[in-house]
Amino acid sequence: MKLSLRQEEVSILIRVRDFLTQEKIDSYLVGGYIRDSLLDRPTRDIDIAVTTSALEAAKKVAAVLNGRYVLLDEANEIARVVLLEDDSVQGRWHLDFSTIREGIEENLSHRDFTIDALAIDLRELETASAACLIDPFQGQKDLKEGIIRAVSEAAFEDDPARLLRAVRLAAEYGLAIEQWTEALIQSQAQLISQVAGERVREELCRLLSVQNAAPYLYYLDRLGLLTAIVPELTATKGVEQPREHYWDVFQHSIETVAALERLLQSEDTAQKDAILSMVPHIPRLSQHFQQEVSHGVSRAVLAKIAALLHDVAKPQTKSTEPNGRARFLGHTKQGAAMAGDILQRLRFSNREMRTVQKIIESHLRLWQMGGEGKPTHRAIYRFFRDTEDASIDILFLTLADFLAAQGPHLDMSEWQQHCQMIEYIWSEHEQEEARIIPQKLIDGHDLIDILRLEPSPVIGQLLEAIREAQGIGEITTREEAIAFARRQLDQCKTSEKVV
């Protein structure tokens, strides 16, 4: 395999090397950066091992290169230097420094996998080739063969986060975990409970960022990792559902992730798929799901988490009717609360947590508000008002949920009806938005002046009622808005709440 070092990376590394050489510090490129270079995969994460305190070296490099110093692990002496080429995240470089205590080969012996136990002496940077690799564990051979192999039997005991990282690397790079390493993971899977929530969150989100992540959720379960990370899923195994469901609750949850991933495929793929061809077109759909809710976590990742957890409360809420039919009353609300606890434990941000909870709590709302016919204009307006920026995510989880419920027994006519219902709801929403956005009929100052009101919460309630009436087409002019507000006030003279 041939090393592929890009000029922009080399120029940064030469500056780092020259400074460290001047300071009489030996330094090596190590780990994932070399792996990615051998695979010709672009990366902005560079690992550097130094023969001195990595914390001190990183501080000095940050000062010389006008970067930002970040302490990652004081006990193990790991620090980061963040370099910005421009103001965007895409222009950000991460130089992670670690300390060599007993020589480079000893350092590599403590790494996770053979494909990461690679090094290049920075002094040989400009002539770097595969022949220059320091490769004591045949990592290059394993990389050629597409294998993930632990460096030692102690690899996971030294850092249990590696248990999840092995599967994440397999997903990202299309590699296979070899048999001995897989058995080691299975025997030590419970160690993952010792890992800080932040690290589990990072690995899990990177795994779910892969386009076809659902099979790896099954793999995590087979290895004993999935329920070690989310013990709440254990109770969903074997929980039977009504006859229209093909899988139990646990399998249905992962199949919903798979269905969602299928729905989010490119338009070119969708045109060749009879099931996907019925899905309503929503403008800028891919841009919506690619949006970052926080650094490194996209809306697609959060939607997949919601899909995995959307029925997590079904075991606790299950009841059986006299005719034998299973019911799960309240599982959406209770499931949202349980998801909040899970994500808080894994150190997701408040915004990420609220987004997932909103999706789970509302994933049945579209069908509930329709009844036997089409939902009313008012019901559609209130759905989009209440769900805000999670509305599209809920629409697609609703579709994925239906696909995963019927599985291989999908009734195409029922699927078409579901897609048509979603298309109707989206079309009505766009029309409501078109009526509201171009023209604001009245504002709070108008209500105060015309209706002689005092500033109070009633003003906001009236404005929302006017906006809803405008959205569903009940009023279209300023005069109608004023008359509508008067009627609302007359109806609630005995109450402070505007209905």
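Is Lys314 buried or exposed? In this predicted model, Lys314 counts as buried because its relative accessibility is 6%, and buried means under 20%. Lys314 belongs to helix α16, which spans residues 314–317. Its side chain is joined to that of Gln241 by a polar contact of 2.5 Å. Setting aside neighbours within four places in sequence, the residues in contact with Lys314 are Gln241, His245, Val249, Phe328 and His331. Gln241 therefore appears both as a partner in the polar contact and in the list of contacts, a reading that rests on how contact is defined, as heavy atoms within 4.5 Å.

One of these contacts, His245, leads on to the second largest pocket, where His245 lies nearest the centre together with Glu244, Arg325, Leu364 and Trp367. In general, rolling a probe the size of a water molecule over the atoms shows where empty space is left. Here, the second largest pocket holds about 1100 Å³ of space, and 36 residues line it. Sorted by class, this lining has 15 polar, 11 charged and 10 nonpolar residues. Several elements supply at least two lining residues each: the strand β12 (326–328) and the helices α17 (331–345), α19 (365–368), α21 (391–406) and α22 (412–436). Of these, α22 gives the largest share of the lining, with six residues.

Attention can now turn to the nonpolar interior. In soluble globular proteins, nonpolar side chains tend to be buried together. The largest nonpolar core in this model has 135 residues, and the members that touch the most others are Leu29, Phe97, Phe396 and Trp415. Apart from that core lies another one of 17 residues, including Leu447, Ala465, Ala485 and Leu489. Phe396 gives a view of the surroundings within the largest core: beyond its neighbours within four places in sequence, Phe396 is in contact with Leu260, Leu263, Leu264, Val279, Ile282, Leu285 and Phe289.

Two loops deserve a closer look for their backbone angles. Most residues other than glycine have a negative phi. Glu77, however, has a positive phi near 55°, and this residue sits in the loop between β3 (68–73) and β4 (78–84). Glu388, likewise not a glycine, has a positive phi of about 50°. The loop that holds Glu388 runs between α20 (377–387) and α21, and α21 is one of the helices that help to line the second largest pocket. With a relative accessibility of 51%, Glu388 counts as exposed, since the cut-off for exposed is over 50%.

Key
Residues are numbered from 1 along each chain as its sequence is written. This is a predicted model: local features need pLDDT of at least 70, side-chain atom pairs count only at pLDDT 80 or more; totals for chains, interfaces and linings use all residues. Side-chain values use heavy atoms; hydrogens and water are left out. Helices (H or I, at least four residues) and strands (E, at least two) are DSSP runs, numbered from the N terminus. Buried means under 20% relative accessible area, exposed over 50%, partly exposed in between (1.4 Å probe, protein chains only). A polar contact is a pair of N or O atoms within 3.5 Å; within protein, one must be able to donate a hydrogen and the other to accept it, and residues adjacent in sequence count only if both atoms are side-chain atoms. On a 1 Å grid over the protein atoms alone, a cavity is a set of points where a 1.4 Å probe fits but cannot get out, and a pocket is an open set with protein on both sides within 12 Å along at least five of seven lines; lining residues have an atom within 4 Å of a point. Grid points are joined across faces, edges and corners, and a volume is the space filled by probe spheres set on the points. Ala, Val, Leu, Ile, Met, Phe, Trp, Tyr, Cys and Pro count as nonpolar, Asp, Glu, Lys and Arg as charged, and the others, Gly among them, as polar. A nonpolar core is a set of buried Ala, Val, Leu, Ile, Met, Phe, Trp, Tyr and Cys residues joined through side-chain atoms within 4.5 Å.
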